[in-house]
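These exercises are to be worked with the sequence and the coordinates open. Each task is followed by a solution in steps.

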Amino acid sequence: MASIQIVLPDNSIKEFDHEPTVLEVAQSIGPRLAKDTLGGIVNDQHSEVVDLRTQLKDGDHLKIVTLKDEESLEVIRHSAAHVMAQAVQELWPEVKVTIGPVIENGFYYDFDSPRAFTPEDLQQIEKKMEEILRRNEVVEREVWPVDQAVATFEKMGERFKVEIIKDLAREEGVKEVSVYRQGQWFDLCRGPHVQSLGQIKAVKVMSLAGSYWRGDEKNPQLQRVYATAFNDKKDLAEHLHNLEEAKKRDHRKLGKDLNLFTFHPLSPGGPFFTPKGTVIYNELQNFLREKYGKYGYQEVITPQLFDVDLYHQSGHYENYRENMYFSQIDERDFSFKPMNCPGHCLLYSADKKSYRDLPWRIADFGRLHRHERSGVMHGLNRVRTFCQDDAHIFCRVDQLQGEIESFMSMLREIYKQLNMQDYRVYLSTRPEKRMGSDQIWDQAEGALKMALEALKIPYQVNKGDGAFYGPKLDIMFVDVLKRPWQLGTLQCDFNMPEAFELAYVSEDNQEERPVMLHRAILGSFERFIGVYLEHTAGHLPTWLSPVQVRVLNLTDRQNDYCAQLLQQLQEAGLRAEWDDRREKLGFKIRQAQMEKVPYMLVVGDREMEEKKVTIRLRSGQSLEARDFGVFLQAVRQEVLLRQFNSEIT
RNA sequence: GCCCAUGUGGCUCAGGGGUAGAGCACACCCUUGGUAAGGGUGAGGUCGUGAGUUCGAGUCUCACCAUGGGCUCCA
């Protein structure tokens with residue numbers, strides 16, 4: 001018999017007289033390894049883990065996955081999802097199962113239950129899961145013909161499973177399906193799964209939520225139980241700790257604690273920025289204005305309210321009405337603008353444009369209103385009124401690449417200055433349903449690609465994910481907690497210029513249609529402030545801090561000196577305060593710390609006599625006393641240059 | 001919009017049928033204090049809104065409003 005060779009990561013070869021499973025290979029290496037085996041990675045395919053019961057072929061490269069490997073989490077969690085489903089059905093046999101996939105930090109299972117689960121039920125589920133894990137049952141894989149599977153699940157009343165199997169048979173022509181059995185309980189599943197349930201060391205049921213069968217509102221509503229599983233108790237504890245940390249830097253909490261913004265029931269989704277929050281808002285706007293100057297943009301102001309006819313022309317009424325606010329005045333229908341582009345098109349055609357006017361880059365900090373569905377609002381991240389750092393560029397097709405490059409450079413510059421170094425770029429290309437000729441799409445997609453390549457910016461292609469009116473770039477910012485946020489975007493638009501019959505006169509005196517680029521870097525000020533607060537945990541750079549310097553006196557003997565300092569700080573354009581309350585230094589420091597004031601100037605008799613200040617940073621570090629003028633210069637410089645980190649040490 | 005949870009002074013929360021509590025913040029007084037809370041006194045709430053049950057409702061029931069977790073992850 002021909003021998004079957006399996007290649008291990010160190011390039012050693014194991015030989016078999018038949019096609020072995022992953023587990024058999026592990027057994028051939030050693031019993032300890034076999035015991036710990038959770039799956040395998042075959043031929044290094046995107047580190048996708050296959051079931052340990054998978055049969056290997058001659059010449060396969062195999063990496064055995066054990067508890068020690070990151071990849072094992074997927075297997076553990078997948079099996080833990082089955083354990084949860086089993087636990088729920090042991091507790092409430094009438095509950096039907098649907099699906100239970102692994103997600104980013106855990107897994108969930110969607111149940112069809114006649115009774116809504118309660119928070120107490122979650123604890124019960126967790127207890128039952130632990131009980132099942134202790135039984136340490138062996139997990140077995142069985143392969144059933146479709147007919148048998150349908151009949152079995154039908155008899156059990158598991159209608160969702162039946163639907164899944166029938167769909168698989170119909171859409172993918174599947175003839176048989178795999179079933180995993182643990183003791184009496186079994187579930188239809190592709191795998192991979194553990195050898196025995198005792199290999200799952202740490203589980204935690206997290207939360208409860210509503211969901212819909214196959215994610216569609218029209219389908220029956222299911223109950224989703226979120227949970228997670230880890231390789232050991234320590235990792236689980238660490239994960240829970242990280243969640244606590246994320247909670248601490250939740251922008252809604254910081255917004256309250258730092259007194260930056262608030263909400264009122266009379267304007268759901270309508271944030272109020274306090275004086276302090278408004279400082280951040282305006283500073284960001286000024287920051288962008290400075291960049292606009294550098295990159296050749298002109299700022300414009302356009303109306304808030306438009307006759308609905310505008311939105312018929314732009315197509316928003318037909319496609320976006322659900323999200324718009326309307327108002328009738330003098331028997332005429334108006335709508336609040338949900339975006340700036342239609343207004344900008346009107347402004348574009350207010351006068352005759354020549355090719356010499358292009359590219360025409362106009363920026364607008366106009367307020368937008370979008371009627372988001374009531375259940376989707378979330379702090380500053382999703383609101384109903386907001387302001388984008390929006391701009392539109394009208395240009396010729398052959399100018400596209402240059403404009404895209406310029407945009408990406410500007411984005412890179414801004415993100416770098418804000419210490420947002422980690423971001424990903426996605427290029428979405430033509431969808432099935434689209435407008436415009438293939439030639440225009442070729443040009444636009446080509447321009448996007450060439451611009452990214454010219455700047456050596458790595459990107460991923462989302463094939464077919466573009467808008468019907470043009471391809472786009474989406475920029476996902478990844479924050480310090482590794483969470484992605486979509487902030488920046490650049491979209492090519494062939495539709496709007498068409499709808500508004502925009503034109504320019506070319507060199508040879510022909511009327512030509514410009515291309516329109518929609519672009520934003522921060523997204524919206526609202527969302528950006530939310531994201532940035534979480535990214536920095538509220539430790540905003542000095543130039544964005546509502547209070548930049550606070551003077552703290554020890555006794556009222558220093559009052560005159562402190563008043564002088566305050567005046568000089570304010571005259572230098574800094575946002576400075578003097579805490580002149582008759583409180584102890586420790587108390588004043590505590591307060592300034594909690595407000596995350598970047599610089600605390602401690603002034604006692606010593607400082608006063610030597611005309612110095614002692615600086616305390618919000619990091620807790622205390623610096624030695626120095627000349628006030630030197631400090632003032634340094635802070636001014638830091639603010640002027642909008643530095644992220646303090647140079648004062 | 002849908003499912004579940006929550007809503008008590010500015011903030012964080014306790015109280016679960018007999019008519020409102022704490023800490024912080026706030027005001028005043030004492031304390032002049034060297035790097036994250038000195039002490040005292042006081043003011044402040046028709047307990048999200050509306051209806052119902054009850055002799056009596058923050059407390060139980062229902063409706064509404066708002067907020068929070070989700071509704072994208074597909075055997």
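**Exercise 1.** Place T66 in the secondary structure, decide whether T66 is buried or exposed, and list what T66 touches beyond four places in sequence.

Solution. The model is a predicted one.
- Step 1: T66 belongs to strand β5, which runs over residues 62-66.
- Step 2: The relative accessibility of T66 is 8%. The cut-off for buried is under 20%, so T66 counts as buried.
- Step 3: With residues up to four places away in sequence left out, T66 touches L33, D36, T37, L38 and S72.

**Exercise 2.** Describe helix α7 by its span, its buried and exposed residues, and its N-terminal cap.

Solution.
- Step 1: α7 covers residues 233-248, 16 residues in total. From first to last C-alpha the helix reaches 23 Å, close to the 22 Å expected at 1.5 Å a residue.
- Step 2: L236, H239 and A246 are buried in α7. These residues cover an arc of only 80° around the axis, and therefore they sit on the same side of α7.
- Step 3: K233, K234 and K248 are exposed, on the other side of α7.
- Step 4: The cover over the buried residues of α7 includes β12 (202-212) and β13 (221-230).
- Step 5: The N-terminal end of α7 is capped by D232, with a side-chain oxygen 3.0 Å from the backbone nitrogen of K234.

**Exercise 3.** Find the strand that holds A202 and the residues that A202 touches beyond four places in sequence.

Solution.
- Step 1: A202 lies in β12, and its relative accessible area is 0%, so A202 is buried.
- Step 2: Outside four places in sequence, A202 touches T228, A229, F230, D232, K233 and L236. Of these, L236 is a buried residue of α7, while D232 is the cap of that helix.
- Step 3: The C-alpha atoms of A202 and D235 are 8.5 Å apart in space, although the two residues are 33 residues apart in sequence.

**Exercise 4.** Which polar partners does the side chain of Q558 have, and where does Q558 lie?

Solution.
- Step 1: Q558 is in the loop that links β30 (549-553) to α17 (559-571).
- Step 2: Its relative accessibility is 0%, so Q558 counts as buried.
- Step 3: A polar atom of the Q558 side chain lies 2.7 Å from the backbone nitrogen of T555. The side chain of D605 makes a polar contact with the side chain of Q558, also at 2.7 Å.
- Step 4: Apart from neighbours within four places in sequence, Q558 is in contact with N553, V603, G604, D605 and M608.

**Exercise 5.** Locate the largest nonpolar core relative to the domains and name the residues that touch the most other members.

Solution.
- Step 1: The largest nonpolar core has 86 residues, and M408, Y415, L418, L473, L522, L569 and F631 touch the most other members.
- Step 2: Helix α13 (residues 400-417) gives the most to this core, eight residues.
- Step 3: Domain 3 (257-536) and domain 4 (542-640) both give residues to this core, so the core lies between them.
- Step 4: Beyond four places in sequence, F631 is in contact with V549, L569, Y599, L601, V613, I615, R626 and I648.
- Step 5: A second, separate core has 37 residues, among them V65, A85, F107 and C189.

Methods: Residues numbered from 1 in each chain as written. Chains lettered and ligands numbered in written order. Predicted model: local features only at pLDDT ≥ 70, side-chain atom pairs only at ≥ 80, totals over all residues. Heavy atoms only, no water. Core = buried A, V, L, I, M, F, W, Y, C linked by side-chain atoms within 4.5 Å. Buried < 20%, exposed > 50% of the residue type's maximum accessible area, 1.4 Å probe, protein only. Helix = DSSP H or I, 4+ residues; strand = E, 2+ residues; numbered from the N terminus. Domains from an automatic or database assignment. Contact = heavy atoms within 4.5 Å. Polar contact = N/O pair within 3.5 Å; in protein donor to acceptor, adjacent residues only side chain to side chain. Expected span 1.5 Å × (residues − 1). Arc of directions from axis to C-beta.
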